[in-house]
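Thanks for making time, everyone. I'll walk you through one model today, so have a look at it while I talk.

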Amino acid sequence: MRRHMRRSTRRKLRENRSGPGIVASIAGFFWRYRSELLPLYTGLFLTVSATVAHRAWGTGGVVLVALFCLVTAGLFARRLARQIERAYALTVIFLGSGWWLAAGILGPGHWPLPALLVTVGTVAAVPWWAHRRRRERVRVERTIRAWPVLAEDAGLSGSRVMSAVVDAWGYTARVALRRGMSARSAIARADEIASMLGVRPNSVRVTADPDREDHVIVRVTETDPLARPNPWPGHSNEPVTITKPIAIGTAEDGTTTTVLLLRRNVLIGGVVGSGKSGIVNAILAALIPADDVIVWGVDLKGGMELGPWRKSLGRLATGMDDAVTLFTDALAELNRRASEQADRGERTWNPTRQRKALVILCDEFAELPPEALDLADSLARLGRAVAVTLIAATQRPTQESMGNGAIRSQMDIRIALRVRERADTDLILGAGAYKSGWRTDVFSLPGVFLVLDSDHTTPIPNRAYLVEDDTVTAITDRFPAPVALPDRKDEPHADHSADPDDALWTALTSDDGASVPDLVTATGRSRRWVYYALQQLQETGKVHQGAPGRWHATPDQP
Ligand SMILES: Nc1ncnc2c1ncn2[C@@H]1O[C@H](COP(=O)(O)OP(=O)(O)OP(=O)(O)O)[C@@H](O)[C@H]1O
């Protein structure tokens, strides 16, 4: 890349300049390579200044100046961000001041000072020459200088780099366009910019500057941080809840990619093998431990994808008829919640352990029969207030496969993996996304995605966590789906007012636990109901018997 840029910059400069003098060329060389030549310049400066000091000042003056320089430079060096850089700078300052002190008193030609300057100076220069961040910075500076000359090749004549930030994987520059040029036309020139810079295909991303139409942000990724699979990191120590964003991968800039699922529907799209099921797995791995959510799955590949999660799913439908039944029941649950909300006089359903959010996750959404699509449409439209979330994964979310586009318009979070055609990016992310720089046709690796929602408004590539099969087994063994409490319509006792599920848990979590008669009184339900509830909760390890006849909620295991 560097050779390519250097060559074309020189060619352009030759074309633009009329006969540079030899002195100008030599000066230009020493200026251009000033970073690499800094050790030489430092050695020269030390020699000349020590010669002057030796001739002009006495020993006292030299010592004072050396001490002053040592302390001042040392204070500056301490401000460097990295410890290793601070240590290097302090060592060089110490050695340089020591040599200068000796040279100022004895004269720079006094043996062995010249030999020491050359040998110690060369050894000390090696880390400087090798320092990756310095080299990166120099390279970006050169790119910025060369930009106005090279930009013509990419159809961006008149543009200039306003600022640039170098990071571990590349650099990001803010580019001012020539007057009259729109950000959109610069965004369409990402490939030409990559060619102009001589970098890998698809390693340049151009996005609009939110503040100005005549500026764009150019991101050049030199080392792809997403090239390696991103292993699932395990659960954090924080309690998992659907009310907080969950982590599903890592962004190109090294930050964790999180999405908030509560009161939002999710569309995941991408070609075969792009990693849709991988994202579904990452979502499940993060969500399953939350005790304020129950997940129902629809997998029209006969359970191939969601089958391994069966133990942790409240329900799993693997056939067309099952899917229709599941969506019908989900809609009935939604309506039940809505009327319960109305009775309680509450506007929104706030998920708790007893009143869980419901997430319906559907792989191969486009395969659903039309009647299920109608039900899914109602769920997507009406589910937010009662904490029902629909997550749909599909290859191409066309109008037909998304219930004439009605369901697509209800999808608040759009996750786009690799697509084959540009138009498919717009199908997943929304019209105009591609032209605004949201390009996923350039992705080649499974699990690399863009996410668009109210929290993610710039097209930063991410890689989903890769959840291996044994991780799925470990999670499902540890977090089996909670068993629904029996829904028996026993006559409540006259003094009963609380929700029976809430009352049951309150009684079971009290210090002394509760006996069956206590639970009957607390819940207002029959003995049979209580026995049945305890039996189910015991099977899933949620309750245990302490003293004979007394039941306790089992504390959450670490
Ligand atoms: N985040 C990821 N990191 C690395 N590899 C992944 C990731 N996600 C998926 N893969 C790999 O890519 C391959 C295809 O993934 P997956 O089955 O998720 O794709 P898909 O889009 O669901 O395909 P289909 O449309 O056939 O269901 C699998 O071999 C999987 O191991």
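**A walk through the model**

Of the 558 residues in the protein chain, 45% count as buried, where buried means under 20% relative accessible area, exposed means over 50% and partly exposed is in between, with a 1.4 Å probe and protein chains only. Before going further: this is a predicted model, in which local features need pLDDT of at least 70 and side-chain atom pairs count only at pLDDT 80 or more, while totals for chains, interfaces and linings use all residues. Residues are numbered from 1 along each chain as its sequence is written, and side-chain values use heavy atoms, with hydrogens and water left out.

Some overall numbers. The protein chain has 17 helices and 17 strands; these are DSSP runs numbered from the N terminus, helices being H or I with at least four residues and strands E with at least two. The chain exposes about 28,500 Å², and carbon and sulfur atoms supply 57% of that, going by the Shrake-Rupley method with a 1.4 Å probe. Take the contacts between residues at least 6 apart in sequence: 66% of them join residues at least 24 apart, with contact meaning heavy atoms within 4.5 Å.

Now the sheet I'd like you to find. It's an open one with four strands in the order S1-S2-S4-S3 and antiparallel pairing, where two strands pair if DSSP finds at least two bridges between them. Its edge strands are S1 (160–167) and S3 (204–209), each pairing on one side only. From one strand to the next, the twist averages 20 degrees; axes here are lines fitted to C-alpha atoms, for helices over the stretch in contact, and angles run from 0 to 180 degrees between N-to-C directions.

Start at S1, which pairs with S2 (residues 170–176) over seven antiparallel bridges. Val-165 is the residue opposite Thr-172 in S2. At the other edge, S3 and S4 share six bridges, again in the antiparallel sense, and Ala-208 stands opposite Val-216 in S4. A hairpin takes you from S3 to S4 through two residues.

So is S3, as an edge strand, enclosed or open? Five of its six residues are buried, so S3 is largely enclosed by the rest of the structure.

Which helices lie across this sheet? Helix H7 (residues 132–150) lies across S1, S2 and S4 (212–221), at about 165 degrees to S1. Helix H9 (residues 190–197) lies across S2, S3 and S4, at about 125 degrees to S3.

On to the rings. There are two aromatic pairs: rings of Phe, Tyr and Trp (its six-membered ring) pair if their centres lie within 6.5 Å, with planes under 30 degrees apart called stacked, over 60 edge-to-face and the rest tilted. Phe-29 and Phe-30 are edge-to-face, 5.5 Å centre to centre with 85 degrees between the planes. Phe-29 and Tyr-33 make a tilted pair at 5.1 Å and 50 degrees. Together, Phe-29, Phe-30 and Tyr-33 form one aromatic cluster. Phe-29 counts as partly exposed because its relative accessibility is 43%, and Phe-30 does too, at 37%.

Last stop, the arginines. Arg-355 has its charged end over the ring of Trp-349, 3.8 Å from the centre; the cut-off is NZ of Lys or CZ of Arg within 6 Å of the ring centre and within 35 degrees of the ring normal. Arg-353 lies over the face of Trp-505, 4.4 Å from the ring centre. Trp-505 is one of the buried residues in helix H15 (residues 500–508).
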